[in-house]
Structures are given as C-alpha cells and as structure tokens.
Amino acid sequence: MTGTAHVDTFARDRQPPRDQWPELVFDLPELRYPERMNCASELLGGAIARGQGDRVAIRSTDGLSWTYRELEARANRIAQLLVDDLGVVPGNRVLLRGPNSPMMAACWFAIMKAGAIAVATMPLLRAKELTDIVTKAEASHALCDSRLAEELDLARPACPTLERVALFETDAADGVEARSAAKPSTFADVATLATDTALIAFTSGTTGKPKGTMHSHRDVIAACDCWPKHTLKATPDDVFTGSPPLAFTFGLGGLLVFPLRIGASTLLVERPSPEALLDVVEKHRPTVLFTAPTSYRAMALASAGRDLASLRKCVSAGEALPAATRKLWKDATGIDIIDGIGSTEMFHIFISHGDDDVRPGATGKPVPGYRACVLDEHGRPLPRGQVGRLAVKGPTGCRYLDDPRQANYVQGGWNLTGDAYLVDDDGWFVYQARTDDMIVSAGYNIAGPEVEASLMQHAAVADCGVVAAPDEERGMIVKAFVVLKPGHLPGEAMKRALQDHVKASIAPYKYPRAIEFVESLPRTETGKLQRFRLRQMASA
Ligand code: 3UK
C-alpha cells in the first residue's frame, strides 16, 4: 500500500499551498518517525507493548478508572461502531463534543484508530458556533455527550453535511455505550501515513470566523517527544490533571496524549473551576497540574488550609503569567510554575521555563526541538532587547484548513504567532503583548500585560485587565479594569493608590490614567482575557 490511508481526501485537498507551509525541522534524533504511524497505536498499543497495559491510564473524579488495556478495548469497540454502524471511512471528519471525561477520551482514540479526523469542540459552544465549525470542516459524523446534545440538535438543521450523530454518557439503547458493548474488543487500527491529518483544532478566535488548524498523527507524537520529554520530564508514576478542555490542544496534550505517551495516568475533571481543582487536588492527590494563569491566581488566593502537597509540577499557559501570580503560587505550594507559550497552530508549548530555571516575568527559552527568534516587520532578525514579532519553527507548524490567513501566520517558513516579544541578554524570551493589542498613547508603545503585572503586585488587586481607551487629548490612554479582593473598597483613594503603585514599579508614563472597578473580567473558556470586550467597554 502506498500513499495516504484517507479514502475521503477532504483535508489533503484543503492544505495550504506548499509555498505557504512552515519549514518543519526535526532537530532531535527521537523525531525520526516511520512513514506510517497512527497516534492511537503509538500511544495505547505502545504502552501495552512496553508492559504498561495494566497500569491506570484514565481516571474520573467519581472514582472510575481504566487501565491502558481497558481504555484500548473501549476505544476499539467504539472504533468498530464508527466503522460498522455509522459508516465512517478514513478521512471523514467526526465532531467530538463533551466535557473532559474518560468516554470523551475513548471516543477521541476511536476516531484516531478509524483513521478519521477528530474535530473536538469546546463544551460551551452554542449552535451558531457549532454550525460554523461543522460547515467549515464538512463534518459527516458527531459523537456527543448526551448532556451537551441540545445545542448540537439546534445546529443540525443548518448542517447538511452532518449525517450521523451518536450520543455517549447515556444508558439509551441507541447510545454509544450500549451499541459498542456488543462489538469486539479488538480493532485493526487504520495504517495512516504519519502525515495524514488526525485532527482539526479550531482556534478560539476572538474576531472573525474560527480557523481550523490541521495536525497529523506525527504532529501529535512529535509534540509528546519535545516539551514533555525534555522540559516537563514527568514519570510513569505521575498523575496529571487540570482544567483545559480536550478540545483545546493545551488540554489534549497536557491531559491526554502527554501522560499516555509515558505510561502515566490522567485524572479528567468535568467542571474544573479553581475551587473544584483545589478539591480535586486534596482528594485525588495528582502530581502534575495544567491550568491558566487566572486559575492559578484564584487557587492561590483560596489555598489557605488546603493540602496541595501532592503536586510536583505545575504548568501555566494560555496567556502571560504575571510575576505576582508566580509568587502567590510559590508561597502557597513551594512550586515554581513552568510557564510556557503554545498555540493551537503549533499544537503545544514551544518556549518554556524549565522547573529548575526560573525568570519571573519571562516566558522561557525555546523548547528542545524548536527554534525561536524575534523578527522585525520585514522578517529580519532583531538584536537582543528589541521588541518584535515572535517567530518559531519545529516539527509541528501551522496548516490552516483552506484559509487565506495562512499567509499571515506563516512567512518565510517561520510561524508568526502574533505576539510581540523581546529576547533579553540572557536569552530569555519576554512577552510584551499580542501584536494587535499594543497600546499607543501620546507616542509611546505600552504593553497592557506589563501594566497588569504591576497592578497584580498590589495587595488589593484580585484580577485586572489593561487596554487602550479613546481620549480626546492623547488619542489613546491606558485604562485598567480592576477586580478588588474582598475587604477593599473602590473609590478615588483606591484609584490613586493603584496609580501611584504602578508609577513606582514601572516607567511612570505607563500608569493607567483611567481605572474602572468591576466585579469580574470577561474571559474565554480557556482562561484568556477578552481584551476586545474590554476595549468595547472602554469606548462605550
Ligand atoms: C498566548 C501566551 C504569553 C499567545 C496554547 C499552550 O494558548 C494556546 O493556544 P491558543 O491558540 O493561543 C495562542 C496565543 O496565546 N499565549 C499562550 N501561552 C502564553 N502568552 N505567555 C504564555 N505562556 O498570544 C499565543 O500566541 O488559544 C497554549 C499549549 C497549547 C495551546 N493551544
């Protein structure tokens, strides 16, 4: 057999033109993979072949636990159901929808085994957003947690490509559990090319239509063999947990494929609020935690009297980690957070802290397997200390599904993440802002996150967001939206105290001329501050 295993060549037919591909580099010896590789065979079959079949692979917070062998058997039965009953052929796009749970994970592996393409969606998406994704990916099938079926039902009339929907987390006779129980526990994984598309991850784009990023079976495995292997350095005895949805590649990596690549186990949490995560850590004793900066901050502020001693390694990504949050967490747990920047386009983290090498306020250094630099607007490398566009390349890279925005993200073989960065004298990469979010006030360039980091150091501040607000005299001014900790009163005195604090800690011209006190800040499901909404609030 030669060539792709995909019978349905939809994804292959909608790859970006070759000259708009990122350069892929395979700098490490472990990144040499066979021509044919199915990531489910690698991950589940691999663990079983290494003698780890009877170790726990997946747990849920209500006490369920599956060994690698049990997870594989589940996935095999569901794969058989996909092929026999639902008519899935290799290359079909299967929408996958549910909170993080063992069944969600088993369904993901079933899709991989069948050689189909997983299109996982964030649990909170509504019918309109689901319609956009189903339409763009021309999904033919859906596997959906019964508790999230309503919005998918609402979307269906507008989704003519979506022929078959099967529900899981249900006792119904036509549900995935009942129907797959009758299937054999073995399945011959489709022998995909390593480069065949395995998943399409949609960006949580704040503006415009979401972009579908394609990742191959090789991308998934290469991501496992870079940052987790060289930076995180977890062991088979580690228990991973955290908040990012499996539909977000931060979660798919950190909470599913990274632990399974090394024979460790993952504890999946359906509603991972900061408060719930504290309970989970106390009760289930996980050792490796993945969540976003805002969640670390909320957990640290609520950590008094909590037993968090099981934790060994804590990973933050999604947005910049303020130095003050790093310190709060260190004070609460003794642990230095591993901050790393990743993106949906790159699949996972490519610049990161180590766990023994920490620079508060910086993101980190390039992860083994990746190269990174800072470029000017013409694509020329900038000297250290100068702010420019972050550029990165490695074994994974951006391939949008049929999208002209490919030419924005990939230029000259580099992936341009849209972030403004500088590299300091010691080679640390220091985040400034999203390129589009830089505030220009009275001729100065001001990065909102730097002002936020300063405000977060003030004892009264629980959370904050800083954006540009229109101003007659100066064009734009720096405006801060501030959530106060309980026991602190908003008002003119507090405003002045916060302004004085910023002026004393960073260049005074960056201080927020306007401050508005709010109850909470608008954030995405992945913990990112929605600056466009703050800007709308600031212009209103
Ligand atoms: C920002 C960060 C500063 C940055 C992601 C880890 O966040 C992820 O993917 P998205 O596509 O967003 C990517 C953008 O988010 N960002 C992420 N991490 C950091 N900024 N410091 C950080 N540590 O603007 C980046 O371009 O939602 C993160 C793994 C997988 C992911 N998909």
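Select tyrosine 421 first. In this predicted model, the relative accessibility of tyrosine 421 is 1%, so this residue counts as buried, the cut-off being under 20%. Add phenylalanine 429 to the selection. Its relative accessibility is 4%, and therefore phenylalanine 429 is buried as well.

**The whole chain**

Now display the entire chain in cartoon style. The chain contains 17 helices and 25 strands. Its C-alpha atoms occupy a box of roughly 70 × 55 × 50 Å along the principal axes. How does the radius of gyration of the chain agree with that of a compact globule? For 540 residues, a compact globule would have a radius of gyration near 24 Å; the chain has 23 Å, which agrees.

Next, colour the residues by accessibility. Of the 540 residues, 59% count as buried. If the surface is then switched on, the accessible area comes to about 21000 Å², and 50% of that area belongs to carbon and sulfur atoms.

Contacts offer another view of the fold. Among contacts in the chain with a separation of 6 or more, 68% are between residues 24 or more positions apart.

**The charged side chains**

Select the charged side chains in two sets. The positive set has 61 members and the negative set has 66. Where do the centres of the two sets lie with respect to each other? They are 2 Å apart.

**The aromatic rings**

Hide the charged side chains and show the rings of Phe, Tyr and Trp. The count of aromatic pairs in the chain is twelve. One of these is formed by phenylalanine 250 and phenylalanine 290, an edge-to-face pair with 5.9 Å from centre to centre and 65° between the planes. Which elements does this pair link? Phenylalanine 250 belongs to helix H10 (residues 249-261), whereas phenylalanine 290 belongs to strand S11 (residues 288-291). The two residues are 40 residues apart, and the pair thus links distant parts of the chain.

Are these two phenylalanines buried or exposed? Phenylalanine 250 has 7% relative accessibility and therefore counts as buried. Phenylalanine 290, at 0%, also counts as buried.

Return now to the residues selected at the beginning. Tyrosine 421 and phenylalanine 429 form a tilted aromatic pair, with 6.5 Å from centre to centre and 55° between the planes.

For the last stop, select Trp227, Phe240, Phe248, Phe250, Phe258 and Phe290 together. Ring pairs link these residues into a cluster.

How values were computed
Residues numbered from 1 in each chain as written. Predicted model: local features only at pLDDT ≥ 70, side-chain atom pairs only at ≥ 80, totals over all residues. Heavy atoms only, no water. Helix = DSSP H or I, 4+ residues; strand = E, 2+ residues; numbered from the N terminus. Rg over C-alpha atoms; globule rule 2.2 N^0.38 Å. Buried < 20%, exposed > 50% of the residue type's maximum accessible area, 1.4 Å probe, protein only. Contact = heavy atoms within 4.5 Å. Areas by Shrake-Rupley, 256 points an atom, 1.4 Å probe, with all protein chains shown as cover. Lys, Arg positive; Asp, Glu negative; His and termini not counted. Charge placed at Lys NZ, Arg CZ, Asp CG, Glu CD. Phe/Tyr/Trp six-rings, centres within 6.5 Å; stacked < 30°, edge-to-face > 60°.
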